[in-house]
Amino acid sequence: MQYLFWFIIAGFFALIAGTFYWSSLRRGGNPIELEKDLEEWICPTCGFQVQMGTECIYCGEKKPAD
Ligand SMILES: [Zn+2]
């Protein structure tokens, strides 16, 4: 029974460590690209202010690369 207890504890810590490792990889991967997806932009075709994403929901125009 005690072995099972330590197995669960070890698994729990491995899960936390894995989550931290994964999130640090995500953050280090492409932070600029992620921020670009979250910032607002004005569609050059229809002038619609897109709140989120890289595609205008009004006319389907892609966000221009700057
Ligand atoms: Zn548009």
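In which segment is C59 found? In this predicted model, C59 lies in the segment after β2. I shall use that residue as the point of entry, and then turn to E61 and K62.

Let me first set out the fold. The protein chain contains two helices and two strands. Their order along the sequence is α-α-β-β. Of the 66 residues in the protein chain, 2% are buried.

I return now to C59. Is this residue buried or exposed? C59 counts as exposed, because 11 C-beta neighbours lie inside 10 Å, and the exposed class holds residues with 12 or fewer. Setting aside neighbours within four places in sequence, C59 is in contact with C43, T45 and C46. For one of these residues, C46, there is also a C-alpha separation to report: C59 and C46 are 13 residues apart along the chain, and their C-alpha atoms are separated by 7.0 Å.

The second residue is E61, which is likewise found in the segment after β2, the strand spanning 49-50. How many C-beta neighbours does E61 have inside 10 Å? The count is 15, and E61 is therefore classed as partly exposed. Which residues does E61 touch, once those up to four places away in sequence are left out? They are C43, T45 and C56. C43 and T45 appear among the contacts of C59 as well. In addition, E61 and P44 are 17 residues apart in sequence, with 8.3 Å between them in space, C-alpha to C-alpha.

The third residue is K62, also located in the segment after β2. K62 counts as exposed because it has 11 C-beta neighbours inside 10 Å. Not counting residues up to four places away in sequence, K62 touches T54 and E55. As for P44, its C-alpha atom is separated from that of K62 by 9.4 Å, the two residues being 18 apart along the chain.

To summarise the exposure classes in this segment: C59 is exposed, E61 is partly exposed, and K62 is exposed. As to contacts, C59 reaches C43, T45 and C46, E61 reaches C43, T45 and C56, and K62 reaches T54 and E55.

Terms used
Residues are numbered from 1 along each chain as its sequence is written. This is a predicted model: local features need pLDDT of at least 70, side-chain atom pairs count only at pLDDT 80 or more; totals for chains, interfaces and linings use all residues. Helices (H or I, at least four residues) and strands (E, at least two) are DSSP runs, numbered from the N terminus. A residue is buried if 20 or more other C-beta atoms lie within 10 Å of its own, exposed if 12 or fewer, and partly exposed in between; C-beta atoms are placed from the backbone. Two residues are in contact if their C-beta atoms, placed from the backbone, lie within 7 Å.
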